[in-house]
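Okay, thanks for making the time, everyone. I'll put the structure up on the screen, and then we'll walk through it together.

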Amino acid sequence: MLFRSGVGGNGQWDTHAGNTLQDGYYEELFDVLDQIVTDLDSAPGENGGTMLDETTVVVLSEMGRAPQANAAGGKDHWTWTSAMLIGSGVAGGRTIGGWTDELTGEPIDLTTGEVSDSGETMYPGHLGATLLALADVDPDEFVDRQMGTVIEGVLE
């Protein structure tokens, strides 16, 4: 399922001024996510549990937003982004990674997901490998290890 918000009149998240214009989008997004999780948790799964036991919901943007406000009180595009994973196989209730003083992603220990000076910087390949692992697919068949490996700290 793809979610595309229409809240706020213009139907766009890409506002570079007035971050409060996005408030309605976030409310709608989290309402829809709540409904998706509720529906999955109440639908019978194929293996005796619920569909939520067999499904991973991924919320992801192709780009991040700068952590600091621009002159117009908005946020510009940023190289770093975030992802939210909900459901089967995900060790929930935690945040993986963090930010440097320069507001770029910090390296993490892939085993724990904790920030670590000796860890690795996360790239799209890390998320791809992790999603493949959640689907019980061997990531090595699809993701070059130099492009990213499984973030074990995300998995249950």
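Let me start with a question: what covers the buried residues of α2? The cover includes β1, residues 56–60, and β4, residues 83–87. We'll come back to that helix in a minute. Before we do, please keep in mind that this is a predicted model.

So, the overall picture. The protein chain has 2 helices and 4 strands. Reading from the N terminus, you go through α-β-β-β-β-α. Along its principal axes, the C-alpha trace spans about 50 × 40 × 25 Å. The chain has 156 residues, and 24% of them count as buried. As for the surface, the chain exposes about 10,000 Å², and carbon and sulfur atoms supply 52% of that.

Two more things about the whole chain. Take the contacts between residues at least 6 apart in sequence: 43% of those join residues at least 24 apart. And then the charges. There are 5 positive and 27 negative ones, and the mean positions of the two sets are 7 Å apart.

Okay, back to α2. That helix runs over residues 124–134. Which of its residues are buried? They are Gly 125, His 126, Leu 127, Ala 129, Thr 130 and Leu 134. You've already heard that β1 and β4 are part of what covers them.

Now look just past the end of that helix. Asp 136 comes just after α2 and takes a positive phi of about 60°. Why point that out? Most residues other than glycine have a negative phi. Asp 136 is not a glycine, and its phi is positive anyway. Is Asp 136 buried or exposed? Asp 136 counts as exposed, because its relative accessibility is 75% and the cut-off for exposed is over 50%.

Staying in the segment after α2, you'll also find Asp 138 there. Asp 138 has 37% relative accessibility, so Asp 138 counts as partly exposed. If you want a sense of distance, pick Asp 138 and Ala 43: they are 95 residues apart in sequence, and their C-alpha atoms are 28 Å apart in space.

Next, a pocket. I'd like to show you the second largest one, which has a volume of about 1,000 Å³. How many residues line it? The lining is made of 30 residues, and the ones nearest the centre of this pocket are Thr 81, Ser 82, Ala 83, Ile 96 and Met 122. The elements that give two or more residues to this lining are β4 and α2. The largest share comes from α2, with 4 residues. So α2 turns up again, this time in a pocket wall.

Last stop: the loop between β4 and α2. Let's go through four residues there, beginning with Gly 98, which lies in that loop. Gly 98 counts as partly exposed, because its relative accessibility is 26%. Leaving aside neighbours within four places in sequence, Gly 98 is in contact with Thr 104, Gly 105, Glu 106 and Val 115. By comparison, take Gly 98 and Ala 72: they sit 26 residues apart along the chain, and 26 Å separates their C-alpha atoms.

Trp 99 is in the loop between β4 and α2 as well. At 47% relative accessibility, Trp 99 counts as partly exposed. Which residues does Trp 99 contact, leaving aside its neighbours within four places in sequence? Those are Trp 78, Trp 80, Thr 104, Gly 105 and Glu 106. For another distance, Trp 99 and Ile 151 are 52 residues apart along the chain, with their C-alpha atoms separated by 17 Å.

Then there's Thr 100, again in the loop between β4 and α2. Buried or exposed, this Thr 100? Thr 100 is buried, because its relative accessible area is 19% and the cut-off for buried is under 20%. Not counting residues up to four places away in sequence, Thr 100 touches Gly 105 and Glu 106.

And finally Leu 103, also found in the loop between β4 and α2. Leu 103 is another residue other than glycine with a positive phi, near 65°. With a relative accessibility of 29%, Leu 103 counts as partly exposed.

That's what I wanted to show you. Over to you for questions.

Key: Residues numbered from 1 in each chain as written. Predicted model: local features only at pLDDT ≥ 70, side-chain atom pairs only at ≥ 80, totals over all residues. Heavy atoms only, no water. Buried < 20%, exposed > 50% of the residue type's maximum accessible area, 1.4 Å probe, protein only. Contact = heavy atoms within 4.5 Å. Areas by Shrake-Rupley, 256 points an atom, 1.4 Å probe, with all protein chains shown as cover. Lys, Arg positive; Asp, Glu negative; His and termini not counted. Charge placed at Lys NZ, Arg CZ, Asp CG, Glu CD. 1 Å grid on protein atoms, 1.4 Å probe; cavity = no way out; pocket = protein on both sides within 12 Å on 5 of 7 lines; lining within 4 Å. Points joined across faces, edges and corners; volume = space filled by probe spheres on them.
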